[in-house]
Structure formats: C-alpha cells, structure tokens
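Reader: Before I use any of the terms for this fold, I would like to know what each one rests on. Please take me through them one by one.

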Amino acid sequence: MILPSRPTLNERATAADRIYRALRDEIVRLERLPGTPLRERDIAAERGVSRTPVREAVLRLADERLIEIFPQSGTFVAPIKAEDALDALFLRAAIEESAARIVAETRAEAAANALNAVQERHERAGAMSDSGDVFYLLDEEFHCTLLSEAGHPATWRALHSAKAHMDRVRRLLLPDPDHYEHVLGGHRLVVTAIRSGDGWAAAAAVREHLEPFRDMVERMAKRYPSYFGLI
C-alpha cells in the first residue's frame, strides 16, 4: 500500500494562509456572524486539509480578535469590538489625512483625476440596486488609490489588516441608502479639495468624511446589540 506523502512545511503554510484569508473574509463580510461556533474538524473536512493548517489560521484570527477560543466551551466568531473599530478609524484618519495633504501639494491634478476615475464607477454602483458588495469594494479602491497616489501603496495593506472590526461595522451599514450618499458625498469633497491644491483643505475633507464613523458605530451597536456582545 502506498501511503500519501506528508505535506511539506511550505504546503502547510500555504494551506493555513488560504484558510486564514477565507475565514477572515467570511467573518468581515458577516457570512459568519458574531457568536457563531467554529469547528476546526468541520472546516478541515470542508477544505480537504488536515486540522493543522486550520488551527494555524484560527490562532491568527484569534490574535486579530476576530475569533475567541474558550478551552472548555469551543471556538466562536468574536463580537464586533467598538474600541477596535475606533482604533482603526484613528489610524486611518491619521494616515489618510497625511496622504491627502501630500497629493494636494505635490500632484493635485493627477491624483484628483485618478480618484475621480474610481469615483465615477462608484457613483454608478451607488445608483444600482443590490450593489452592496461592488459599492464596498469601490469604497476600498478609492482609499487605496489615495495612498497609492501619495506614494505609499503598501500602507493600505497594513491598514487592511488592522481594520477588520471597522469593516464589519461598514458591512452593517450597507443596507442603509443614506450611507451610500454619505460615502459618495465625502469622496466628492475629497477630490475637489485635492484638485484645489490646498493640502490642509484636502486633509480636512478626509477628516470630515471619516469622523462620522464614530456615530455610526454607536448606532449599529444599538441596532445590533448581539453582534457587539452587548446582550
């Protein structure tokens, strides 16, 4: 009988990374709701892997506070943590205000044109029904483009890993039509301020666009208390 070969360390790492990304995406997209149990054995069977890479992925997600492990009870999707969402807001505001100031003062027209190209697609998505996922991804693209135009594309990847709880709140906001106009209107102001070449006005436009998220967190916590672990 020929025994199956054992996976190499690199293959296990690749499987763990793939499972981590898939689970993280499902949690952020609210496909796995806060409080939902996660069974490593079931995930391993679904993915066709051993439990080792699943365990590695789960530990990474626990380190990001997206999963909670209770030795006597099991493993569960963590509640949305308002403090983590607001920490991500603080980080984003500091970085993106700087980026807006840089591009306004150094490459206003080019940056405004690049952002406006994303904005035009975003406006079309906002006018469509059932466009939540597309709208969300174009919102991400707008802010990623801002950092790229400022010469710091890798910073967006660092932000992405830090803002999972913020992104879960943003997903909760998607069914609200008023949220679409808040996002689109904020982006319009950012583009206009950058095109003016006024760095401080551009930074202020980003701050004005992001700061209302504080109230949104509070509103969503009241609307979905079980998701925030409040009941």
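Author: Helices here are DSSP runs of H or I with at least four residues, strands are runs of E with at least two, and both are numbered from the N terminus. In this predicted model, the elements follow the order α-β-α-α-β-β-α-α-α-α-α-α-α-α. That comes to 11 helices and three strands.

Reader: What are the overall dimensions, and how many residues does the protein have?

Author: The C-alpha trace spans about 70 × 45 × 30 Å along its principal axes. The protein has 231 residues, of which 45% count as buried. Among contacts between residues at least 6 apart in sequence, 73% join residues at least 24 apart.

Reader: What makes Asp84 and Arg65 a salt bridge?

Author: The cut-off is 4 Å between a side-chain nitrogen of Lys or Arg and a carboxyl oxygen of Asp or Glu. The closest N and O atoms of Asp84 and Arg65 are 2.5 Å apart, so the pair qualifies. Asp84 sits in helix 4 (residues 82-106) and Arg65 in the loop between helix 3 (51-63) and strand 2 (67-70), 19 residues apart. By this rule the count comes to 29 salt bridges.

Reader: Why is Asp84 called buried, and Arg65 partly exposed?

Author: Buried means under 20% relative accessible area, and partly exposed runs from there to the 50% limit. Asp84 has 16% relative accessibility, so Asp84 counts as buried. Arg65 has 36%, so Arg65 counts as partly exposed.

Reader: Is the salt bridge of Glu140 and Lys163 made by buried or exposed residues?

Author: Both side chains are buried, because Glu140 has 10% relative accessibility and Lys163 has 1%. Their N to O distance in the salt bridge is 2.8 Å. Glu140 belongs to helix 6 (residues 132-149), and Lys163 to the loop between helix 7 (153-162) and helix 8 (164-173), 23 residues apart.

Reader: How do you know that Arg219 and Asp176 still count as a salt bridge?

Author: The N to O distance is 3.6 Å, which is within 4 Å, so the pair counts. Arg219 lies in helix 11 (residues 213-223) and Asp176 in the loop between helix 8 and helix 9 (177-196), 43 residues apart. Arg219 is partly exposed at 35%, whereas Asp176 is buried at 16%. Elsewhere, Asp25, Arg29, Glu31, Asp133 and Arg171 are linked in a network of salt bridges.

Reader: What makes Asp176 a cap of helix 9?

Author: A side-chain oxygen of Asp176 lies 3.0 Å from the backbone nitrogen of Asp178, at the N-terminal end of helix 9. The limit for a polar contact is 3.5 Å, so this pair of atoms passes. Just after helix 9, Gly197 takes a positive phi of about 80°.

Reader: How does the length of helix 9 compare with what is expected?

Author: Helix 9 has 20 residues and reaches 29 Å from its first C-alpha to its last, close to the 28 Å expected at 1.5 Å a residue. Its buried residues include His179, Tyr180, Gly186, His187 and Ile194. The buried residues of helix 9 pack against helix 4, helix 5, helix 6, helix 8, helix 10 and helix 11.

Reader: Which residues have the most contacts inside the largest nonpolar core?

Author: They are Leu146, Val169, Leu172, Ile194, Phe213 and Phe228, in a core of 39 residues. Helix 4 gives the largest share, eight residues. Leaving aside neighbours within four places in sequence, Ile194 is in contact with Ala100, Val103, Leu115, Leu146 and Ala202, among others. Another core, of 22 residues, lies apart from the largest one; Leu23, Ile43, Ala57 and Phe135 are among its residues.

Reader: Why is the pair of Phe70 and Phe76 called tilted?

Author: The planes of Phe70 and Phe76 stand at 55°, which is neither under 30 nor over 60 degrees, so the pair is tilted. Their ring centres are 6.2 Å apart, within the 6.5 Å limit. Both rings belong to partly exposed residues, Phe70 at 39% and Phe76 at 22%.

Reader: What makes Phe135 and Tyr180 stacked?

Author: Their planes differ by 15°, under the limit of 30 degrees, and the centres are 4.0 Å apart, so the pair is stacked. Phe135 is in helix 6 and Tyr180 in helix 9, 45 residues apart. Both Phe135 and Tyr180 are buried.

Terms used
Residues numbered from 1 in each chain as written. Heavy atoms only, no water. Buried < 20%, exposed > 50% of the residue type's maximum accessible area, 1.4 Å probe, protein only. Core = buried A, V, L, I, M, F, W, Y, C linked by side-chain atoms within 4.5 Å. Contact = heavy atoms within 4.5 Å. Expected span 1.5 Å × (residues − 1). Polar contact = N/O pair within 3.5 Å; in protein donor to acceptor, adjacent residues only side chain to side chain. Phe/Tyr/Trp six-rings, centres within 6.5 Å; stacked < 30°, edge-to-face > 60°.
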